[in-house]
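Subject: A structure for you to explore

Hi,

Here is the structure I promised to pass on. Have a look around it first, and then read my notes below with the viewer open.

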Amino acid sequence: LGSVVVGDDPASLIYQRGKGKAAAEAGIEWFYKQLPADVGQDALLQVVSEMAADDRVDGILVQSPLPAGYDYDYRQVVKAIPAGKDVDGFHAENVGGVATDGSGIPGCTAAGIMVLLDHAGVQIRGANATVVGRSSIVGRPASYLLLARDATVTVAHRHTRDLAAVTRTADILIVAVGKPGLITGDMVKPGAVVIDVGINRTEDGICGDVDFASVSEVASAITPVPGGVGPMTIAMLLANTLMAAERSAGITTW
Ligand code: NDP
(Lines give C-alpha, C1' and ligand atoms only; values in the text may rest on other atoms or scores of the structure.)
Protein backbone atom coordinates (compact mmCIF):
# COMPACT_ATOMS: atom_id res chain seq x y z
CA LEU A 1 0.00 0.00 0.00
CA GLY A 2 1.59 3.25 -1.12
CA SER A 3 0.73 6.54 0.51
CA VAL A 4 1.70 10.06 -0.51
CA VAL A 5 1.31 13.07 1.76
CA VAL A 6 2.07 16.60 0.63
CA GLY A 7 2.95 19.05 3.40
CA ASP A 8 2.92 18.51 7.15
CA ASP A 9 -0.65 19.12 8.28
CA PRO A 10 -0.71 17.51 11.78
CA ALA A 11 -4.16 15.90 11.32
CA SER A 12 -3.10 14.35 7.99
CA LEU A 13 0.10 12.99 9.53
CA ILE A 14 -1.81 11.43 12.46
CA TYR A 15 -4.25 9.87 10.00
CA GLN A 16 -1.36 8.50 7.90
CA ARG A 17 0.34 7.02 10.94
CA GLY A 18 -2.91 5.25 11.82
CA LYS A 19 -3.17 3.80 8.32
CA GLY A 20 0.49 2.72 8.29
CA LYS A 21 0.12 1.00 11.66
CA ALA A 22 -3.09 -0.78 10.58
CA ALA A 23 -1.41 -1.92 7.34
CA ALA A 24 1.60 -3.29 9.25
CA GLU A 25 -0.70 -5.16 11.66
CA ALA A 26 -2.45 -6.76 8.70
CA GLY A 27 0.86 -7.74 7.07
CA ILE A 28 0.52 -5.21 4.27
CA GLU A 29 3.77 -3.51 3.28
CA TRP A 30 3.57 0.30 3.60
CA PHE A 31 5.37 2.56 1.13
CA TYR A 32 5.19 6.08 2.51
CA LYS A 33 6.30 9.29 0.82
CA GLN A 34 6.01 12.71 2.45
CA LEU A 35 6.67 15.59 0.05
CA PRO A 36 7.18 19.26 0.88
CA ALA A 37 4.08 21.47 0.64
CA ASP A 38 5.56 23.35 -2.31
CA VAL A 39 6.66 20.26 -4.27
CA GLY A 40 4.26 21.20 -7.09
CA GLN A 41 1.71 19.33 -9.19
CA ASP A 42 4.22 17.92 -11.73
CA ALA A 43 6.54 16.43 -9.12
CA LEU A 44 3.54 14.99 -7.25
CA LEU A 45 2.26 13.38 -10.46
CA GLN A 46 5.73 11.95 -11.03
CA VAL A 47 5.74 10.26 -7.59
CA VAL A 48 2.24 8.86 -8.20
CA SER A 49 3.33 7.53 -11.63
CA GLU A 50 6.32 5.80 -10.07
CA MET A 51 4.06 4.08 -7.54
CA ALA A 52 1.62 3.22 -10.33
CA ALA A 53 4.44 1.46 -12.22
CA ASP A 54 5.78 -0.32 -9.12
CA ASP A 55 4.66 -3.98 -9.06
CA ARG A 56 5.13 -4.13 -5.29
CA VAL A 57 2.40 -1.52 -4.83
CA ASP A 58 -1.21 -2.74 -5.19
CA GLY A 59 -2.95 0.33 -3.76
CA ILE A 60 -2.16 4.06 -3.83
CA LEU A 61 -3.46 6.84 -1.57
CA VAL A 62 -2.83 10.54 -1.91
CA GLN A 63 -3.90 12.38 1.23
CA SER A 64 -6.47 15.11 0.62
CA PRO A 65 -6.86 18.01 0.87
CA LEU A 66 -3.61 19.03 -0.81
CA PRO A 67 -2.01 22.11 0.83
CA ALA A 68 -3.91 25.34 0.27
CA GLY A 69 -2.20 28.30 -1.38
CA TYR A 70 -0.57 26.24 -4.14
CA ASP A 71 -1.75 25.32 -7.60
CA TYR A 72 -2.71 21.67 -6.97
CA ASP A 73 -5.47 19.84 -8.83
CA TYR A 74 -6.53 16.82 -6.79
CA ARG A 75 -8.76 15.46 -9.55
CA GLN A 76 -5.78 15.21 -11.92
CA VAL A 77 -3.83 13.40 -9.21
CA VAL A 78 -6.63 10.85 -8.76
CA LYS A 79 -6.73 10.38 -12.55
CA ALA A 80 -3.02 9.50 -12.47
CA ILE A 81 -3.72 6.53 -10.18
CA PRO A 82 -4.66 3.44 -12.22
CA ALA A 83 -8.28 2.53 -11.34
CA GLY A 84 -7.15 -0.93 -10.20
CA LYS A 85 -4.82 0.65 -7.61
CA ASP A 86 -7.26 3.36 -6.47
CA VAL A 87 -8.05 1.83 -3.08
CA ASP A 88 -9.77 5.04 -1.89
CA GLY A 89 -12.38 4.41 -4.60
CA PHE A 90 -12.20 8.01 -5.90
CA HIS A 91 -11.33 7.30 -9.56
CA ALA A 92 -14.21 7.95 -12.01
CA GLU A 93 -13.98 4.34 -13.25
CA ASN A 94 -14.49 3.02 -9.72
CA VAL A 95 -17.26 5.49 -8.89
CA GLY A 96 -18.99 4.55 -12.16
CA GLY A 97 -18.54 0.84 -11.50
CA VAL A 98 -20.01 1.14 -8.01
CA ALA A 99 -22.94 3.22 -9.31
CA THR A 100 -23.76 0.86 -12.19
CA ASP A 101 -22.88 -2.83 -11.90
CA GLY A 102 -21.01 -2.92 -8.58
CA SER A 103 -17.70 -3.66 -10.29
CA GLY A 104 -15.69 -0.70 -8.97
CA ILE A 105 -13.57 -0.44 -5.84
CA PRO A 106 -15.97 1.21 -3.36
CA GLY A 107 -15.17 4.25 -1.22
CA CYS A 108 -13.82 3.02 2.13
CA THR A 109 -16.26 4.86 4.40
CA ALA A 110 -19.32 3.85 2.39
CA ALA A 111 -18.13 0.24 2.25
CA GLY A 112 -17.52 0.32 6.00
CA ILE A 113 -21.06 1.51 6.63
CA MET A 114 -22.42 -1.49 4.72
CA VAL A 115 -20.25 -3.89 6.72
CA LEU A 116 -21.50 -2.33 9.96
CA LEU A 117 -25.13 -2.70 8.87
CA ASP A 118 -24.60 -6.32 7.83
CA HIS A 119 -22.67 -7.15 10.97
CA ALA A 120 -25.55 -5.80 13.07
CA GLY A 121 -28.04 -7.86 11.04
CA VAL A 122 -29.93 -4.80 9.75
CA GLN A 123 -32.43 -5.57 6.99
CA ILE A 124 -31.39 -3.38 4.04
CA ARG A 125 -33.66 -4.71 1.27
CA GLY A 126 -36.88 -2.69 1.22
CA ALA A 127 -35.79 -0.37 4.03
CA ASN A 128 -36.22 3.38 3.73
CA ALA A 129 -32.64 4.66 3.90
CA THR A 130 -31.89 8.36 4.14
CA VAL A 131 -28.38 9.63 3.57
CA VAL A 132 -27.79 13.19 4.80
CA GLY A 133 -24.87 14.63 2.81
CA ARG A 134 -24.05 14.06 -0.87
CA SER A 135 -20.26 14.35 -1.01
CA SER A 136 -18.42 12.22 -3.53
CA ILE A 137 -16.39 10.74 -0.66
CA VAL A 138 -19.22 9.53 1.59
CA GLY A 139 -22.84 10.45 0.85
CA ARG A 140 -23.04 9.54 -2.81
CA PRO A 141 -21.16 6.22 -2.65
CA ALA A 142 -23.20 5.24 0.43
CA SER A 143 -26.39 5.95 -1.50
CA TYR A 144 -25.21 3.81 -4.46
CA LEU A 145 -24.33 0.87 -2.22
CA LEU A 146 -27.67 1.06 -0.39
CA LEU A 147 -29.56 1.24 -3.69
CA ALA A 148 -27.63 -1.76 -4.99
CA ARG A 149 -28.85 -3.64 -1.90
CA ASP A 150 -32.49 -2.74 -2.68
CA ALA A 151 -33.08 -0.02 -0.10
CA THR A 152 -35.34 2.89 -1.03
CA VAL A 153 -32.83 5.70 -0.86
CA THR A 154 -33.32 9.41 -0.20
CA VAL A 155 -30.32 11.73 -0.32
CA ALA A 156 -30.62 14.99 1.63
CA HIS A 157 -28.32 18.01 1.44
CA ARG A 158 -28.08 21.72 2.20
CA HIS A 159 -31.08 22.57 0.01
CA THR A 160 -33.40 19.89 1.37
CA ARG A 161 -36.64 21.44 2.62
CA ASP A 162 -37.72 20.28 6.07
CA LEU A 163 -34.81 17.96 6.82
CA ALA A 164 -36.56 16.57 9.91
CA ALA A 165 -39.53 15.39 7.83
CA VAL A 166 -37.12 13.54 5.52
CA THR A 167 -35.00 11.99 8.28
CA ARG A 168 -38.11 10.83 10.16
CA THR A 169 -39.02 8.53 7.25
CA ALA A 170 -35.73 6.62 7.59
CA ASP A 171 -35.41 3.08 8.88
CA ILE A 172 -31.68 3.51 8.23
CA LEU A 173 -30.29 7.02 8.71
CA ILE A 174 -26.74 7.79 7.57
CA VAL A 175 -25.43 11.23 8.47
CA ALA A 176 -22.28 12.59 6.77
CA VAL A 177 -22.37 16.37 7.01
CA GLY A 178 -19.73 17.80 9.36
CA LYS A 179 -22.07 19.72 11.69
CA PRO A 180 -22.06 18.74 15.38
CA GLY A 181 -25.47 17.81 16.75
CA LEU A 182 -27.33 18.40 13.47
CA ILE A 183 -29.58 15.39 14.03
CA THR A 184 -31.55 15.33 17.28
CA GLY A 185 -33.89 12.73 18.77
CA ASP A 186 -37.07 14.40 17.45
CA MET A 187 -35.73 13.98 13.88
CA VAL A 188 -35.42 10.20 14.14
CA LYS A 189 -38.05 7.52 13.66
CA PRO A 190 -38.39 5.27 16.73
CA GLY A 191 -36.41 2.08 16.16
CA ALA A 192 -34.29 3.49 13.34
CA VAL A 193 -30.67 2.45 12.84
CA VAL A 194 -28.42 5.52 12.86
CA ILE A 195 -24.91 5.69 11.41
CA ASP A 196 -23.01 8.84 12.35
CA VAL A 197 -20.15 9.50 9.94
CA GLY A 198 -19.34 13.03 11.14
CA ILE A 199 -16.01 13.82 12.76
CA ASN A 200 -16.09 17.27 14.35
CA ARG A 201 -13.39 18.73 16.56
CA THR A 202 -15.06 20.84 19.24
CA GLU A 203 -13.95 22.35 22.56
CA ASP A 204 -15.38 19.25 24.24
CA GLY A 205 -13.39 16.88 22.01
CA ILE A 206 -14.38 14.88 18.93
CA CYS A 207 -18.08 14.40 18.24
CA GLY A 208 -20.30 13.34 15.37
CA ASP A 209 -23.18 14.98 13.50
CA VAL A 210 -25.76 13.19 15.63
CA ASP A 211 -26.73 14.25 19.15
CA PHE A 212 -25.94 10.88 20.71
CA ALA A 213 -27.78 11.53 24.01
CA SER A 214 -31.20 12.28 22.49
CA VAL A 215 -30.96 10.01 19.43
CA SER A 216 -29.84 6.93 21.37
CA GLU A 217 -33.13 7.21 23.33
CA VAL A 218 -35.09 6.73 20.08
CA ALA A 219 -32.88 4.63 17.79
CA SER A 220 -32.62 0.84 17.97
CA ALA A 221 -28.91 1.06 17.14
CA ILE A 222 -26.45 3.92 16.75
CA THR A 223 -22.72 4.23 16.05
CA PRO A 224 -20.57 6.23 18.48
CA VAL A 225 -18.09 8.96 17.53
CA PRO A 226 -15.25 8.34 17.90
CA GLY A 227 -15.00 4.58 17.52
CA GLY A 228 -17.83 3.82 15.07
CA VAL A 229 -17.41 4.52 11.37
CA GLY A 230 -13.83 5.90 11.64
CA PRO A 231 -12.10 2.57 12.37
CA MET A 232 -14.24 0.92 9.68
CA THR A 233 -12.87 3.34 7.08
CA ILE A 234 -9.32 2.19 7.81
CA ALA A 235 -10.38 -1.47 7.93
CA MET A 236 -12.01 -1.14 4.49
CA LEU A 237 -8.91 0.54 3.11
CA LEU A 238 -7.04 -2.64 3.98
CA ALA A 239 -9.84 -4.78 2.51
CA ASN A 240 -9.76 -2.72 -0.71
CA THR A 241 -5.97 -3.18 -0.88
CA LEU A 242 -6.36 -6.94 -0.54
CA MET A 243 -9.05 -6.86 -3.23
CA ALA A 244 -6.79 -4.85 -5.57
CA ALA A 245 -3.87 -7.23 -4.94
CA GLU A 246 -6.01 -10.31 -5.60
CA ARG A 247 -7.50 -8.83 -8.75
CA SER A 248 -4.08 -7.94 -10.13
CA ALA A 249 -2.92 -11.48 -9.33
CA GLY A 250 -5.91 -12.84 -11.25
CA ILE A 251 -7.66 -14.24 -8.16
CA THR A 252 -11.33 -13.51 -8.64
CA THR A 253 -12.83 -14.18 -5.27
CA TRP A 254 -14.08 -10.54 -5.06
P1 NDP B 1 -18.53 17.54 2.68
O2 NDP B 1 -18.35 18.89 3.31
O3 NDP B 1 -17.84 17.21 1.42
O4 NDP B 1 -20.09 17.31 2.45
C5 NDP B 1 -21.03 17.67 3.41
C6 NDP B 1 -22.42 17.39 2.89
O7 NDP B 1 -23.35 17.79 3.89
C8 NDP B 1 -22.77 18.19 1.62
O9 NDP B 1 -23.41 17.34 0.70
C10 NDP B 1 -23.70 19.29 2.14
O11 NDP B 1 -24.71 19.66 1.22
C12 NDP B 1 -24.36 18.60 3.31
N13 NDP B 1 -24.85 19.57 4.28
C14 NDP B 1 -24.20 20.61 4.83
N15 NDP B 1 -24.99 21.25 5.71
C16 NDP B 1 -26.17 20.62 5.72
C17 NDP B 1 -27.39 20.80 6.42
N18 NDP B 1 -27.54 21.79 7.30
N19 NDP B 1 -28.40 19.97 6.17
C20 NDP B 1 -28.25 18.94 5.28
N21 NDP B 1 -27.12 18.69 4.59
C22 NDP B 1 -26.09 19.53 4.81
O23 NDP B 1 -18.16 16.50 3.83
P24 NDP B 1 -17.73 14.94 3.76
O25 NDP B 1 -18.80 14.13 3.15
O26 NDP B 1 -16.35 14.83 3.24
O27 NDP B 1 -17.66 14.64 5.33
C28 NDP B 1 -18.81 14.74 6.14
C29 NDP B 1 -18.42 14.46 7.58
O30 NDP B 1 -17.95 13.12 7.68
C31 NDP B 1 -17.28 15.33 8.12
O32 NDP B 1 -17.49 15.56 9.49
C33 NDP B 1 -16.05 14.47 7.92
O34 NDP B 1 -15.01 14.78 8.82
C35 NDP B 1 -16.63 13.10 8.20
N36 NDP B 1 -15.91 12.00 7.56
C37 NDP B 1 -15.70 10.90 8.33
C38 NDP B 1 -15.08 9.79 7.82
C39 NDP B 1 -14.91 8.62 8.69
O40 NDP B 1 -14.09 7.77 8.39
N41 NDP B 1 -15.69 8.50 9.77
C42 NDP B 1 -14.58 9.77 6.43
C43 NDP B 1 -14.93 10.95 5.67
C44 NDP B 1 -15.56 12.02 6.24
P45 NDP B 1 -24.41 20.38 -0.18
O46 NDP B 1 -23.89 19.28 -1.08
O47 NDP B 1 -25.73 20.91 -0.60
O48 NDP B 1 -23.37 21.43 0.10
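Let's begin with Ile105. If you skip its neighbours within four places in sequence, Ile105 is in contact with Ala83, Gly84, Asp86, Val87, Gly89, Asn94, Val98, Asn240, Met243 and Arg247. Please keep in mind that this is a predicted model. You will find Ile105 in the loop between α4 (92-99) and α5. Is Ile105 buried or exposed? Its relative accessible area is 2%, so Ile105 is buried, since the cut-off for that word is under 20%. One of its contacts, Asp86, is 19 residues away along the chain, and the C-alpha atoms of the two are separated by 7.4 Å.

Now to the helices. Two packed helices are described by the angle between their axes and the distance between the axes. There are three pairs to look at.

Start with α5 (residues 108-119) and α6 (residues 139-148), whose axes come within 8 Å and cross at roughly 45 degrees. That angle makes α5 oblique to α6, and the crossing is right-handed. On the α5 side you will see Ala110, Ala111, Ile113, Met114 and Leu117, and they meet Pro141, Ala142, Leu145 and Leu146 in α6. Which classes of residue make up this contact of α5 with α6? There are nine nonpolar residues, with no polar and no charged ones.

Next, follow α5 to its meeting with α9. Here the two helices pack at an angle of about 105 degrees, with their axes 8 Å apart. That makes α5 roughly perpendicular to α9. From α5 the contact takes Cys108, Thr109, Ala111, Gly112, Ile113, Val115 and Leu116, and from α9 it takes Val229, Met232, Thr233, Met236, Leu237 and Asn240. Sorted by class, this contact of α5 with α9 has nine nonpolar, four polar and no charged residues.

The third pair is α1 (residues 10-25) with α9 (residues 229-248): their axes come within 10 Å and cross at roughly 50 degrees. So α1 is oblique to α9, and α1 passes α9 in a right-handed crossing. Tyr15, Gly18, Lys19, Ala22 and Ala23 of α1 make the contact together with Thr233, Ile234, Leu237 and Leu238 of α9. By class, the contact of α1 with α9 is made up of six nonpolar, two polar and one charged residues.

Two threonines also deserve a visit. Thr223 sits in the loop between β10 (221-222) and α9, and it is buried, with a relative accessible area of 9%. A polar atom of the Thr223 side chain lies 2.9 Å from the backbone nitrogen of Asp196. Asp196 also appears among the contacts of Thr223, which, apart from neighbours within four places in sequence, are Leu116, Val194, Ile195, Asp196, Phe212, Gly228 and Val229.

The other one is Thr167, in helix α7. Thr167 is buried too, with a relative accessible area of 1%. The side chain of Thr167 reaches the backbone oxygen of Ala164 at 3.1 Å. Not counting residues up to four places away in sequence, Thr167 touches Val132, Leu173, Ile183 and Met187. Asp186 is 19 residues from Thr167 in sequence, and 9.7 Å separates them in space, C-alpha to C-alpha.

Finally, some backbone details. Most residues other than glycine have a negative phi, and most peptide bonds are trans. Which bonds here are cis? Ser64 and Pro65 are joined by a cis peptide bond, with omega about 0 degrees, and Pro65 lies in the loop between β3 (60-62) and α3 (74-80). A cis peptide bond also joins Val225 and Pro226, again with omega about 0 degrees; Pro226 is in the loop between β10 and α9.

As for phi, look at two aspartates. Asp150 has a positive phi, near 70 degrees; it is found in the loop between α6 and β5 (152-156) and counts as partly exposed, at 37% relative accessibility. Asp162 has a positive phi near 50 degrees, and its place is in the loop between β5 and α7 (163-167).

Enjoy the tour!

Best wishes

Conventions: Residues are numbered from 1 along each chain as its sequence is written. This is a predicted model: local features need pLDDT of at least 70, side-chain atom pairs count only at pLDDT 80 or more; totals for chains, interfaces and linings use all residues. Side-chain values use heavy atoms; hydrogens and water are left out. Axes are lines fitted to C-alpha atoms, for helices over the stretch in contact, and angles run from 0 to 180 degrees between N-to-C directions. Helices (H or I, at least four residues) and strands (E, at least two) are DSSP runs, numbered from the N terminus. Angles under 35 degrees count as roughly parallel, over 145 as roughly antiparallel, 65 to 115 as roughly perpendicular and the rest as oblique. A crossing is left-handed if the near helix is turned anticlockwise from the far one by less than a right angle, and right-handed if clockwise. Contact means heavy atoms within 4.5 Å. Ala, Val, Leu, Ile, Met, Phe, Trp, Tyr, Cys and Pro count as nonpolar, Asp, Glu, Lys and Arg as charged, and the others, Gly among them, as polar. Buried means under 20% relative accessible area, exposed over 50%, partly exposed in between (1.4 Å probe, protein chains only). A polar contact is a pair of N or O atoms within 3.5 Å; within protein, one must be able to donate a hydrogen and the other to accept it, and residues adjacent in sequence count only if both atoms are side-chain atoms.
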